[in-house]
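Reader: I would like to go through this model term by term. Tell me what each label rests on.

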Amino acid sequence: MKLFQLFDLNNNNVLEWDEVMSALIFLGNGSEKAKSVELYNIYDEDQDKTLQFVELYRMLRGVFNILLFDVAGNESLNLGKQNAETLAFSTAVKCFEEQKR
């Protein structure tokens, strides 16, 4: 996997604004809290100060995609059949289940 593919989360062969910003924020300097706030602001598309399921899923998919692969495109973690998309989906589901309690 090439670096471009790592950041092209929807596989449309175009790096979109949120994909580029996520990568820059994640890989840049700054505290984890500051990075989290910036990512949150990018993915809160309707700016309502809450993340809907699809917004949370997209954010998690971007983060997991970056975490699961190194720059050369090799898997950095062996999660079996889990990939960034399935891990993001199951995590988002769990977050929303926890929030309902």
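Author: Start with contact, which means heavy atoms within 4.5 Å. The model is a predicted one.

Reader: Which residues of α3 and α4 meet in that sense?

Author: Leu39, Tyr40 and Tyr43 in α3 meet Glu55, Arg58, Met59 and Val63 in α4. By class, this contact of α3 with α4 has 5 nonpolar, no polar and 2 charged residues.

Reader: Why are α3 and α4 called oblique to each other?

Author: Look at the angle. Their axes cross at roughly 130° and come within 9 Å. Over 145 degrees would count as roughly antiparallel, and 65 to 115 as roughly perpendicular. The value of roughly 130° falls in neither range. Therefore α3 and α4 are oblique to each other. The crossing of α3 past α4 is right-handed.

Reader: What makes α2 roughly antiparallel to α3?

Author: Again, the angle. α2 and α3 pack at about 175°, with axes 10 Å apart. The cut-off for roughly antiparallel is over 145 degrees. An angle of about 175° passes it, so α2 is roughly antiparallel to α3.

Reader: Which residues make the contact between α2 and α3?

Author: From α2 come Trp17, Asp18, Met21, Ser22, Ile25 and Phe26. From α3 come Lys35, Glu38, Leu39, Ile42 and Tyr43. They divide into 7 nonpolar, 1 polar and 3 charged.

Reader: Why is α2 called oblique to α4?

Author: Helix α2 (residues 17–27) and helix α4 (residues 53–68) pack at an angle of about 55°, with their axes 10 Å apart. Roughly parallel needs under 35 degrees, and roughly perpendicular starts at 65. About 55° lies in neither class, so α2 is oblique to α4. α2 passes α4 in a right-handed crossing.

Reader: Which residues of α2 and α4 make the contact?

Author: Ser22, Ala23, Phe26 and Leu27 of α2, with Val63, Ile66 and Leu67 of α4. The classes are 6 nonpolar, 1 polar and no charged residues.

Reader: Which residues of α2 are buried?

Author: Asp18, Glu19, Ser22, Ala23 and Ile25. Each earns the label with under 20% relative accessible area.

Reader: What covers the buried residues of α2?

Author: The cover includes α1 (3–7), α3 and α4.

Reader: How many residues does the largest nonpolar core have, and what makes it a core?

Author: The largest nonpolar core has 17 residues. A core is a set of buried nonpolar residues joined through side-chain atoms within 4.5 Å. Those with the most contacts inside this one are Leu39, Tyr43, Leu56, Met59, Leu60 and Phe64.

Reader: Which elements give two or more residues to this core?

Author: α3 (32–43), α4 and α5 (84–100) do. α4 gives the most, with 7 residues.

Reader: What is leucine 56 in contact with, leaving aside its neighbours within four places in sequence?

Author: Leucine 56 is in contact with Leu51, Ala92, Cys95 and Phe96.

Reader: How many helices and strands does the whole protein have?

Author: It has 5 helices and 0 strands. From the N terminus on, the elements run α-α-α-α-α. Of the 101 residues, 33% are buried. Among contacts with a separation of 6 or more, 43% are between residues 24 or more positions apart.

Notes: Residues numbered from 1 in each chain as written. Predicted model: local features only at pLDDT ≥ 70, side-chain atom pairs only at ≥ 80, totals over all residues. Heavy atoms only, no water. Axes fitted to C-alpha atoms, helices over the stretch in contact; angles between N-to-C directions. Helix = DSSP H or I, 4+ residues; strand = E, 2+ residues; numbered from the N terminus. Left-handed = near helix turned anticlockwise from the far one by under 90°. Nonpolar A, V, L, I, M, F, W, Y, C, P; charged D, E, K, R; others polar. Buried < 20%, exposed > 50% of the residue type's maximum accessible area, 1.4 Å probe, protein only.
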